[in-house]
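Subject: Structure handover

Hello,

Here is the structure we talked about. Please have it open while you read the notes below it.

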Amino acid sequence: MTPRLPSAKIVDLVTTLDTAVIQSASGPMVWGTVDISYASEGLEPRVSIKVPVPAFDSQSDEQRRTETLRRARKLIHHACVTMEPQPGEASHFQESLVGLAEELGILSPTASPTRSSV
């Protein structure tokens, strides 16, 4: 049986923008960062996601912050879709989730190693 991960509640979300404009192949960009703090069963996991955001003079800081959130969401979605198991890979995916839960301290570490993907 797959262990159920505890529910988490967002307790703080901060979006910041670097002031330095960098040149990229797509044009001028600034780095935007989304810091998310959660509360989950007495733990406080935190996530920081850094994404490039177009730096148009016509945009306000609020518009850039909104774009930062949108790009961070797209990046998370891409990572989740990439990690979806293919047919026949479900057990490996389940093992990965259990390993992640152990790394986060949600589950106690298992005594026996899981199968190798090599």
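Helices and strands here are DSSP runs, with at least four residues for a helix and at least two for a strand. On that basis, the protein has two helices and four strands. The order along the sequence is β-β-β-β-α-α. Keep in mind that this is a predicted model.

Overall figures next. The protein has 118 residues, and 19% of them are buried. Its accessible surface is about 8900 Å². Carbon and sulfur atoms contribute 57% of that surface. Among contacts with a separation of 6 or more, 41% join residues 24 or more positions apart.

Now the hairpin. Strand 3 covers residues 27-39 and strand 4 covers residues 46-54. The two are antiparallel and share nine bridges. Six residues lie between these strands. E41, in this hairpin, has a positive phi near 50°. One bridge links M29 to P54 of strand 4.

P54 also leads to the helix. Which residues does E67 touch, leaving aside those up to four places away in sequence? They are V53 and P54. E67 itself sits in helix 1, which runs over residues 61-82. Is E67 buried or exposed? E67 counts as buried because its relative accessible area is 15%, and the cut-off for buried is under 20%.

To recap the P54 links: P54 is the bridge partner of M29, and P54 is also touched by E67.

Best wishes

Key. Residues are numbered from 1 along each chain as its sequence is written. This is a predicted model: local features need pLDDT of at least 70, side-chain atom pairs count only at pLDDT 80 or more; totals for chains, interfaces and linings use all residues. Side-chain values use heavy atoms; hydrogens and water are left out. Buried means under 20% relative accessible area, exposed over 50%, partly exposed in between (1.4 Å probe, protein chains only). Contact means heavy atoms within 4.5 Å. Two strands pair if DSSP finds at least two bridges between them. Accessible areas come from the Shrake-Rupley method with a 1.4 Å probe; for residues, only the protein chains shown count as cover.
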